[in-house]
Amino acid sequence: MNTPLHPAIERVTQRITERSADTRGAYLANMAAQRKNGTQRGGMGCANMAHTTAALPASDKLKIHAERAPHVGVITAYNDMLSAHQPYEHYPEMLRSHARTLGATAQVAGGVPAMCDGVTQGAAGMEMSLFSRDVIALATAVGLSHNVFDAALMLGICDKIVPGLFMGAVQFGHLSTVFVPAGPMTSGLSNDAKAKVRQQYAQGLVGREALLESEAQAYHSPGTCTFYGTANSNQMLMEIMGLHLPGASFVNPGTELREALNKAALERALANTGKTGEAAICMADIVSEKTIVNGIIGLLATGGSTNHTIHLVAMARAAGVLIDWDDFAELSAVVPLLARVYPNGSADVNHFHAAGGMGFLMQELLANGLLHGDVTTVMGQGLAAYTNEPCLLDGQLAWRPVPAQSGDTAVLRPVADPFSADGGLRLLQGNLGRSVVKVSAVKHEHRVVRAQAVVVSDQADLLALFNAGQINKDLIAVVRYQGPRANGMPELHKLTPPLAVLQDKGFKVALVTDGRMSGASGKVPAAIHLSPEALADGPIARVMDGDWITLDCERGVLELEVDAATLAARTAVHPDLSHNTHGTGRELFGLFRSHASTAESGASPLFGDRP
């Protein structure tokens, strides 16, 4: 007997469906037309076909020319600078070879850029980060635009890469599409130990050599970083939305199980073309209003990255589904927090996976009416397959039911005994605008802060004040002109250690910004993605040093204690932003700034504001 869906989830889903009627209808009509037209191989000119197959072996050419078997396009985010993407180096070779054994063919359709936010944190390159998501979406669409493929495999993991791949791929939603992860690196130095050294460095208690040694022990091998930031939140999303194979997200690279799952992803993509005897399943069949709601629920139940309050909005919009922060907030009120993974706890994603991982999480949510089970996935109808975990039996890939009990209740808990009765995300509203705050890592005694503002327009200025010992007091740091139109909306993760130091000294501390924090935002309450942003004449542009601000995560309040008339009479402070459009690559910001939407609509120049 199926457990009835929670009424709040049903209500939010219905509201999204009604809101999205026009845009979703237009998207589905476009996909139906593309599916009817099919690939162009059968009717393409001889010169076009010759270009398609020129570099292929004769056997592959014959299959493609005769359309005898499915042809798979691979979009890869490989580079060997990102540890998470380094394992992808040999995937194309493996996928081509395995496709041939199955009587099919595969080609790399294109590559997409993949920058590392860990490298660019606090540096000018971080201003390219959010912009890169839309570049990736465009590059994905360019790769698939040749229209010679029956299926697609998406090779990508990290912060902007998976959202960008999704946004591009869903425009070709008539294709059978599977996302293929590469898995997290094995556990290194504990995240708590790493964070402690970072705070010691911020205080001048240890030097750069000790800090570098600590970081190198934490980030030590191929694979995704093991904390639960945006990269691993991406993997959770792709699995709970049915675009990964069950249990594929957090299997380490270089293992036999990882290799078996990679090959199985290709097999599933081929099967879903409908050309091998099974029913056809395309990406447009999978991505629906219910799928998007499941993604939000997964984000809340695991305390996932705040970046997805932007990314998931843009991803959904690409499929004609319109969501906003009210939907996140209403779902957060009823979805319990079931996981504690750093920065929300001391465990990493390897511990989460060992405790039962995604299979246990989805089993619990389904059993308690907290997840739409009647959705389409790459595995077929329903989410039942995702309550199984992959294993090897006599060297062959198999799936077995996940345990009924968590393997470690300090990391993963059942709905009956959650870490918190609600999700880890809150919507804050007031006369400064609307913002979101991740509270899953914030202790209850730190969730309400009333203090005077310290206002800067660059994170480096706040760091300088900290290093000079000028902010040893209660404060709410206001870091403005960090929005998508100002400088690309960089993450401000460099502010976490110094603000945490002040909090540890006993001061009441919070952050308010129109920029972003990393998916690893931690114990200091941070009202982020503030909309409207300063450059769009948001009230944050009129905040002055010494103004009193109340940030109340419990009541959902973000209030500047200045009366409306006084605030309106103030002149907005507009710092010189010319440095954001000059220099290496900065001219690109002219394009981004002129089309960027608000944070709440996904900050996407590709798909615009929600009507």
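This is a short walk through one predicted protein model, from its overall build down to a few single residues.

I start with the whole chain. The protein has 23 helices and 16 strands. Its radius of gyration is 24 Å, and the globule rule gives 25 Å for 611 residues, so the protein is as compact as a globular protein of that length. The C-alpha trace spans about 75 × 50 × 50 Å along the principal axes. Of the 611 residues, 60% are buried. Now the contacts between residues at least 6 apart in sequence: 77% of them join residues at least 24 apart. The accessible surface is about 22,300 Å², and carbon and sulfur atoms account for 54% of that surface.

Next, the aromatic rings. A pair of rings is described by two things, the distance of the centres and the angle of the planes. How many aromatic pairs does a search of the whole structure find? It finds two. In the pair of Y88 and Y91, the ring centres are 5.0 Å apart and the planes stand at 90°, so this pair is edge-to-face. Both Y88 and Y91 are buried. The other pair is F250 with F352, where the centres are 6.0 Å apart and the planes are at 80°; that angle is over 60 degrees, so this pair is edge-to-face too.

Where do F250 and F352 lie? F250 is in the loop between α11 (230–240) and α12 (256–271), while F352 is in helix α17, residues 349–354. The pair therefore ties together parts that are 102 residues apart in sequence. F250 has a relative accessible area of 3%, which is under the 20% cut-off, so F250 is buried. F352 is buried as well, with 4%.

One more ring is worth a look. The charged end of R450 sits over the ring of W548, at 4.3 Å from the ring centre.

Now to S187. This residue is in the loop between β4 (176–180) and α9 (191–202). Is S187 buried or exposed? Neither quite: its relative accessible area is 36%, so S187 counts as partly exposed. Leaving out residues up to four places away in sequence, S187 touches H220, D348, N350 and H351. Two of these contacts involve polar atoms of side chains. The side chain of S187 makes a polar contact with the side chain of D348 at 2.6 Å, and another with the side chain of N350 at 3.1 Å. S187 and V349 are 162 residues apart in sequence, yet their C-alpha atoms are 8.6 Å apart in space.

Last, the backbone. Which peptide bonds are cis? One is the bond from Y342 to P343, with omega near 15°. P343 is in the loop between α16 (325–332) and α17. Another cis bond joins S531 and P532, with omega about 5°. P532 is in the loop between β14 (526–531) and β15 (548–552).

There are also residues with positive phi that are not glycine, including Y481, with phi near 60°. Y481 is in the loop between β12 (475–479) and α20 (484–487), and at 2% relative accessibility Y481 counts as buried. M489 is not a glycine either, and has a positive phi of about 60°. M489 is in the loop between α20 and α21 (496–504). At 0% relative accessibility, M489 is buried.

That is the end of the tour.

Terms used. Residues are numbered from 1 along each chain as its sequence is written. This is a predicted model: local features need pLDDT of at least 70, side-chain atom pairs count only at pLDDT 80 or more; totals for chains, interfaces and linings use all residues. Side-chain values use heavy atoms; hydrogens and water are left out. Rings of Phe, Tyr and Trp (its six-membered ring) pair if their centres lie within 6.5 Å; planes under 30 degrees apart count as stacked, over 60 as edge-to-face and the rest as tilted. Buried means under 20% relative accessible area, exposed over 50%, partly exposed in between (1.4 Å probe, protein chains only). Helices (H or I, at least four residues) and strands (E, at least two) are DSSP runs, numbered from the N terminus. A charge sits over a ring if NZ of Lys or CZ of Arg is within 6 Å of the ring centre and within 35 degrees of the ring normal. Contact means heavy atoms within 4.5 Å. A polar contact is a pair of N or O atoms within 3.5 Å; within protein, one must be able to donate a hydrogen and the other to accept it, and residues adjacent in sequence count only if both atoms are side-chain atoms. The radius of gyration is taken over C-alpha atoms; the globule rule is 2.2 Å times the number of residues to the power 0.38. Accessible areas come from the Shrake-Rupley method with a 1.4 Å probe; for residues, only the protein chains shown count as cover.
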